[in-house]
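Me: I would like to learn how to read a structural model feature by feature. Please take one case at a time.

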Amino acid sequence: MTPGGGKNRRALLRRVVRIVFLLVALGFGAWFVARQWDEVRAGFARISLPMTAASLAAVVAALLGAMFTWRSLLADLGSPLPVRPAAKVFFVGQLGKYIPGSLWPVLAQMEMGKDLGVPRSRSAAAFFLMMPVQLASGLLVTLATLGWDRYGWILLAVPVLLVLLEPKVINRLIGLVLRRLKREPLERPLTRRGMLTALAWALSGWIAYGVHLYFVVGSDLLFCVGAFALSWCLGILTFVVPAGAGVREVAMVAVLAPILDQGSAIAVALVSRMVIVAGDVICAGVAGITAKRTGV
């Protein structure tokens with residue numbers, strides 16, 4: 001067996017495992033919803049079309065916040081991009097998260113970024129830096145909105161994340177990874193100002209996501225901000241599932257328990273997922289069309 005053949009088999013096995021895990025998760029999810037369909041249907045009836053449309057607008061605003069988070073990291077690393085080409089690279093690349101496997105979005109962004117003069121290593125660094133930025137800001141938002149008494153355990157993760165957000169630590173980690181991959185080091189290290197800018201954009205995104213959930217739930221804006229942040233953070237930790245499918249919904253149903261019955265919470269989680277998917281498609285479509293018209 002050649003080394004390349006072994007790697008291909010392992011890659012195929014990982015992909016099969018992800019697909020099977022996704023199918024099993026979706027199967028259990030469908031069974032769970034079917035068991036409580038009357039309650040779930042009543043929950044759907046509470047959600048009006050105007051509120052769903054308002055929720056979609058808030059999702060678009062949240063996705064723009066994520067794009068500007070990524071763009072600010074990329075600029076700080078030495079590749080500032082105008083808004084339109086940056087939106088195209090980010091939003092079109094993000095559609096890859098719905099494909100089983102965790103690397104499709106970064107591969108797409110690396111290739112599209114290369115056409116704009118962004119080195120592949122820089123695109124990859126900006127992509128992977130978004131995770132600790134969003135995770136740390138999301139957990140801090142959870143603590144600030146849902147309360148220290150119930151979610152104080154999150155404090156255990158915050159010091160680790162804050163260390164990972166220190167530019168000196170990040171730059172060393174990036175340098176180590178690039179050396180292991182036998183790639184050229186980054187020409188420009190990440191700065192504290194760039195990191196704080198990215199965190200500010202990430203926080204604005206969490207607020208917008210909370211507004212999106214508020215329009216679907218119908219009450220308690222502050223609680224909705226924290227509920228979505230916590231469920232998203234739990235979902236992103238599940239790399240094996242595309243876009244955290246199923247995990248985020250289960251977490252959201254659990255977090256919403258203090259203010260909604262289970263049927264209504266399931267309906268809210270499902271509507272939230274559909275609205276976010278629609279937002280991803282709309283942002284990618286608009287960014288692609290706009291960039292094409294401007295010759296990007």
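Me: Which residues does phenylalanine 91 touch, not counting residues up to four places away in sequence?

Reply: Keep in mind that this is a predicted model. Leaving out residues up to four places away in sequence, phenylalanine 91 touches Leu63, Leu64 and Met67, and also Cys283, Ala284 and Ala287.

Me: What is the largest nonpolar core, and which residues have the most contacts inside it?

Reply: The largest nonpolar core has 71 residues. Phe91 is among those with the most contacts inside it, together with Trp70, Leu213, Leu256 and Val268. Several helices each supply at least two residues of this core, including α3 (49-76), α4 (83-94), α10 (192-217) and α13 (262-293).

Me: How many helices and strands does the chain have?

Reply: The chain comes to 13 helices and zero strands. Of its 296 residues, 46% are buried. Among contacts between residues at least 6 apart in sequence, 70% join residues at least 24 apart.

Me: How should I read one helix, and which residues of α9 are buried?

Reply: Begin with length, then look at the sides. α9 has 14 residues and reaches 20 Å from its first C-alpha to its last, close to the 20 Å expected at 1.5 Å a residue. Its buried residues are Pro167, Ile170, Ile174, Gly175 and Leu178. These cover an arc of only 130° around the axis, so they lie on the same side of α9.

Me: Which exposed residues does the face of α9 turned away from its buried side carry?

Reply: That face carries Lys168, Arg172, Arg179 and Arg180, which are exposed. Just after α9, lysine 182 takes a positive phi of about 60°.

Me: Where else is there a positive phi in a residue that is not a glycine?

Reply: Aspartate 220 has a positive phi of about 60° although it is not a glycine. The residue is found in the loop between α10 and α11. Because its relative accessibility is 39%, aspartate 220 counts as partly exposed.

Me: How do I describe a pair of helices, and at what angle do the axes of α6 and α11 cross?

Reply: Give the distance, the angle, the hand and then the residues that meet. The axes of α6 and α11 come within 8 Å and cross at roughly 145°. The crossing of α6 past α11 is left-handed. On the α6 side, the residues that meet α11 include Met131, Gln134, Leu135, Gly138 and Leu139. On the α11 side, Leu222, Phe223, Val225, Gly226 and Trp232 are among them.

Me: Now a single position. Is alanine 198 buried or exposed?

Reply: Alanine 198 counts as buried because its relative accessible area is 0%, and the cut-off for buried is under 20%. The residue sits in helix α10. Not counting residues up to four places away in sequence, alanine 198 touches Thr69, Ser72, Leu73 and Val133. Alanine 198 and leucine 129 are 69 residues apart in sequence, while their C-alpha atoms are 9.8 Å apart in space.

Me: Which residues does serine 72 touch, with the same sequence neighbours left out?

Reply: Apart from residues up to four places away in sequence, serine 72 touches Thr197, Ala198 and Trp201. Serine 72 is in helix α3. At 14% relative accessibility, serine 72 counts as buried. The C-alpha atoms of serine 72 and tryptophan 201 are separated by 8.6 Å, though the two residues are 129 apart along the chain.

Note on methods. Residues numbered from 1 in each chain as written. Predicted model: local features only at pLDDT ≥ 70, side-chain atom pairs only at ≥ 80, totals over all residues. Heavy atoms only, no water. Core = buried A, V, L, I, M, F, W, Y, C linked by side-chain atoms within 4.5 Å. Buried < 20%, exposed > 50% of the residue type's maximum accessible area, 1.4 Å probe, protein only. Helix = DSSP H or I, 4+ residues; strand = E, 2+ residues; numbered from the N terminus. Contact = heavy atoms within 4.5 Å. Expected span 1.5 Å × (residues − 1). Arc of directions from axis to C-beta. Axes fitted to C-alpha atoms, helices over the stretch in contact; angles between N-to-C directions. Left-handed = near helix turned anticlockwise from the far one by under 90°.
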